[in-house]
Amino acid sequence: RVKGTAFHPKRPWILASLHNGSIQLWDYRMGTLLDRFEEHEGPVRGISFHPTQELFVSGGDDYKVKVWNYRTRRCIFTLQGHLDYVRTVYFHPEQPWIISASDDQTIRIWNWQSRQCIAVLTGHNHYVMCAQFHPTDDLVVSACLDQTVRVWDISGLRRKSAAGAQPMMGDPLSSQRLNTQGDFFNVTDVVVKFVLEGHTRGVNWATFHPTMPLILSCGDDRQVKIWRMNESRAWEVDTCRGHYNNVNSALFHPKRELILSDSEDKTIRVWDTTRRTLLQTFRRDQDRFWCMNAHPELNLFAAGHDNGLIVFKLERERPASAIHQNSLLYVKDSQVRLHDFTSANDAPMVSIRTAPAGQYLPPPRTMSFNPAEKAVLLTSDAEGGSYELYNLPRQVNGQVSDSAQARRGAGSCAIWTGRNRFAVLDKAAQQILIKDLTNQTTKTIKPPVTVEAIFNAPGSQILLSTATSVVLFDVQTRQVVSEINAAPVKYVVWSSD
């Protein structure tokens, strides 16, 4: 059972902290286990890579926070002081600090260079499930089973460390009793800025938006809440309802107006931040989700569940495109655009259909261009696989023609096979339909093999891609011309001759 995940900022690595006490390092591109780190006694819940150094930090049910060097493959030191399970651990983006949240109802900030605890944040009165630094400001957000989210101001701690003050030795509570007058330990260093009340059950997760003054929280009341803050106050903006069990973590998409949340109801859900509507739901049959995080730079996400972890994207970065002679057609921002390689001129040609309000439409996956009729076929994964036929304007004059006259239909692949006909693969029924320019079916072909995708080929032929091979198939004679063995194919490029 994966309780925590962490992406490496540069390498294709992901750390997974497990309920059985092990920490695993995986290469997510290859799907291979690279290393194991086993020193914790009991479940490891918190895990995080350092943004620039060869370090990672872990926290577990043995009350310990451990800092590891992954190059030398060993634990460098252990930070002790928590009196109960450690739930989350994170490095500060710039300062040599680690923040840890614990079931002992406190949050601790440690200096990992001096290996001292420099602040204890008290005030929650139940298990603290999560505590994170703000990516740029001197703030901390924490989520607790006492049904509150707290925002803490740590600017005093930064000023103190900048002044080079020595951290207090030993147990901060005893030194606080000794030093009754003057600078109480952490009274001036860290202050509670806001207490956010609104959840009706314990809060499992809270996190900041990377750039906007927003906070996201989720909890056992099955709700995901969005909060906004300014200098003086913080208030609840909205609630995303739809999970039907405890919501364990949630995050803002780093680049788009989306929220992701995952839950013990065995789903990951994607919400629209502005409309707060549910866009997509991914389900697993058996496994409850426990944690989720986003890659700091790439379009990647990871979620840990009962039997492992998944690394996923919400959509491809590569746009649908087609090249004809010295021009490139491609899809960008709900338009088909034409880029001329010789003049470097780039102009929109036709606007394509967009998602209705409150719904999600995946972007087109492939494009096939018919130069004779100046028409394009776009296929997308929407509605279980669909295609759209658009006629481009004859002249490139910057005028964008409307998407209303597009013809569409169901099918997982659509390619041109001649100047006035195209082929559509119906993957479920395993049929290839030949259609004319008015989108009428003129011919139906039952392929001789189980086809995953179709690609264009010269003349009256098409390429059929199967799970293990690529077949050159003649549409008119319905014969297999030749076949080569290959792993599943995504792209085909023909040589000019």
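In helix 1 (residues 155–162) of the predicted model, the residues Ser155, Gly156 and Leu157 are buried. The partners of these buried residues are four strands: strand 10, strand 11 (107–111), strand 12 (116–121) and strand 15 (148–153). Strand 10 (residues 97–102) also has the highest mean pLDDT among the elements of the protein, at 97.

The lowest mean pLDDT among the elements belongs to helix 2 (residues 172–178), at 44. Helix 2 is part of a wider stretch, residues 167–187, over which the pLDDT is below 50. This stretch nevertheless has 23 contacts in the model beyond near neighbours in sequence. Where pLDDT is low, predicted coordinates should not be read in detail. For the protein as a whole, the average pLDDT is 89, and 94% of the residues score at least 70.

The secondary structure comprises two helices and 43 strands. The C-alpha trace spans about 95 × 45 × 45 Å along its principal axes. The protein has 497 residues, of which 53% count as buried. It exposes about 23300 Å², and carbon and sulfur atoms supply 47% of that area. Of the contacts between residues at least 6 apart in sequence, 42% join residues at least 24 apart.

Strands 18, 19 and 20 are linked by successive antiparallel pairings. Strand 18 (residues 214–219) pairs with strand 19 in the antiparallel sense over five bridges, and leucine 216 stands opposite isoleucine 226 in strand 19. The two strands form a hairpin with three residues between them. In that turn, arginine 222 has a positive phi of about 70 degrees. Strand 19 (residues 223–229) is mostly covered, with six of its seven residues buried. On to strand 20 (residues 234–241), strand 19 makes a further antiparallel pairing, over seven bridges. Within this pairing, glutamine 223 stands opposite arginine 241 in strand 20. Four residues make up the connection of the hairpin that joins strand 19 to strand 20.

A search of the whole structure finds zero disulfides. Cysteine 130 is in no disulfide, and the nearest cysteine sulfur, that of cysteine 218, lies 8.5 Å away. Cysteine 218 is likewise in no disulfide, its nearest cysteine sulfur being that of cysteine 130. A disulfide requires the two sulfur atoms to be within 2.5 Å, and the 8.5 Å separation does not meet this cut-off. Both residues are covered: cysteine 130 is buried, with a relative accessible area of 0%, and cysteine 218 is buried, also with a relative accessible area of 0%.

An open sheet of four strands is formed in the order 21-22-23-24, with antiparallel pairing. Strand 21 (247–252) and strand 24 (278–283) stand at the edges; each has a single partner strand, so one side of each is left without a neighbour in the sheet. From one strand to the next the twist averages 15 degrees. Strand 23 (residues 267–272) is joined to strand 24 by five bridges, the two running antiparallel. Tryptophan 271 stands opposite leucine 278 in strand 24.

A second open sheet of four strands has the order 40-41-42-43, and its pairing is antiparallel. Here strand 40 (453–456) and strand 43 (479–485) occupy the edges. Because each of these edge strands has a single partner, one side of each is left without a neighbour in the sheet. The twist in this sheet averages 25 degrees from one strand to the next. Strand 42 (residues 469–474) pairs with strand 43 in the antiparallel sense over six bridges, and leucine 472 stands opposite serine 482 in strand 43.

Serine 380 is located in strand 33 (residues 375–380). With a relative accessibility of 11%, serine 380 counts as buried, because the cut-off for a buried residue is under 20%. Residues up to four places away in sequence aside, serine 380 touches Pro362, Pro363, Pro364, Arg365, Gly385 and Ser386.

Technical notes: Residues numbered from 1 in each chain as written. Predicted model: local features only at pLDDT ≥ 70, side-chain atom pairs only at ≥ 80, totals over all residues. Heavy atoms only, no water. Buried < 20%, exposed > 50% of the residue type's maximum accessible area, 1.4 Å probe, protein only. Pairing = 2+ DSSP bridges. Axes fitted to C-alpha atoms, helices over the stretch in contact; angles between N-to-C directions. pLDDT = per-residue confidence, 0-100. Contact = heavy atoms within 4.5 Å. Areas by Shrake-Rupley, 256 points an atom, 1.4 Å probe, with all protein chains shown as cover.
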